[in-house]
Amino acid sequence: MSNKGCISKIQHFSLGDGPGIRTTVFMQGCNLNCPWCHNPETISQKPAILCYKTKCTLCGLCGKVCPNNAISFKNGERVVDKSLCNLCGNCEELCPEDAILISGKEMTAEEVFCEIMKDSDFYSDSGGVTFSGGEPMLQADFCAEVAKMCKDKNIHILIDTAGCVPYKNFEKVIPYCDMFYFDIKACDEEEFLKTCGGSLSLVKENLKRLLKDSNVVVRMPIIPGYNNNEEYIKRCGEFLGELNVKRADLLPFHRMGKNKYDGLGLSYRYSDTKPPETQEIEKLADLMKSYDINCQVER
C-alpha cells in the first residue's frame, strides 16, 4: 500500500539543489524554526496559505469560488479569514496572478513519482531527484517509497536534511539514497536550542553515523550577526575535522524568502540584513580549508 506524503511543492528543472538538473520535492513540515529560513511556508507540519497583496489585482475570482466565504474584499484589499479556510485550493487554482498559494498537499508516492518522471530526459546527464523541505526525514517512510521507485529507474537521489531526527529515519532511506546534504546550523548546544529549537547532540551523533553509512556533504548557512565570524568557523572546523568530514560548503545568507514571510503574515527578523560580502565568505572558506576540509561557497 502506498504511503501518502504532505508536499509543499515540486520544482522542475532545478539547478541549485544538487548536481546536474534536478527535480526537487519540497516536503511540508519541519521540527526546527530557524529565523533565517528561506522556505518558511514549509515549517508548519500542516498546510499553509500564502496571500500576496502585491500580486493581487482584486479581480474577485477567488472570493467567488471559496465554499466557506473565507475571502472578502474590504477597503481596496483582499482579506482572507484563515479560521474559515479549509485549504480546498479552489482559489489557488483559479487565481491568474498566483497571488494566493497553498503549501502542503497530500499526494501518494505514485503521484509524486509521475511528476518526477516528467523530467526523466534530464536524469541521465548527472541530474536526479532531491528531497528537501521542510525536513524530509520527518516523512522518511514516504521518501523511502518514492526513492525506491526512482532507484529502480537508476535516478540519482539526494536528501537535504538538518539531521535533527531519530537515526532510524535515516536507516529507512539510506538503501535508496546516493547523497545527503547535511546542514549544520550551530556549534553550541544551548545556542542551537535557543535559535533553532533543536538538539545539537542528536545532530552531531547522526552526522557521525551517517558519514559511515553514506556519501555526505556538510552545508553551513552563514548568517550575518549570528555566525559570520572566524571563531564560529574554527569551532565547526575542529569538530568536523574530528569526524573526518571531507567536504563542507558555505551557504551565504540571502533574502529571497522575504516575500514568503509577507505572504504568511509573519515578521521576518532579517528583512533589513544585507548578504555577506564575497570577500568575507571566501576568507571563512579558506579558514575551513585549514582543517583539511574541501570547502566550497555555494553561489
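1. Let's start with Glu230 and Lys283, which form a salt bridge in this predicted model. Their closest N and O atoms lie 3.4 Å apart. This pair links distant parts of the chain: Glu230 sits in helix 9 (residues 230-242) and Lys283 in helix 11 (residues 278-289), with the two positions 53 residues apart in numbering.

2. How exposed are these two partners? Glu230 has 34% relative accessibility, so this residue counts as partly exposed. Lys283 reaches 52% and therefore counts as exposed, because the exposed class begins over 50%.

3. Next, have a look at Arg247 and Asp249, which also form a salt bridge, with 2.8 Å between the closest N and O atoms. Is Asp249 buried or exposed? Asp249 counts as buried, at 5% relative accessibility, because buried means under 20%. Arg247, with a relative accessible area of 26%, is partly exposed.

4. Some salt bridges share partners, and in this way Asp160, Asp183, Lys185, Arg219 and Glu298 are joined into one network. It is worth picking out these five residues together in the structure above.

5. Another pair to find is Glu115 with Lys118, whose side chains meet in a salt bridge at 2.6 Å, N to O. Lys118 has 58% relative accessibility, so this lysine counts as exposed.

6. Finally, how many salt bridges are there by this rule, a Lys or Arg side-chain nitrogen within 4 Å of an Asp or Glu carboxyl oxygen? The count comes to 18. Among them are Glu230 with Lys283, Arg247 with Asp249, and Glu115 with Lys118.

Terms used. Residues numbered from 1 in each chain as written. Predicted model: local features only at pLDDT ≥ 70, side-chain atom pairs only at ≥ 80, totals over all residues. Heavy atoms only, no water. Buried < 20%, exposed > 50% of the residue type's maximum accessible area, 1.4 Å probe, protein only. Helix = DSSP H or I, 4+ residues; strand = E, 2+ residues; numbered from the N terminus.
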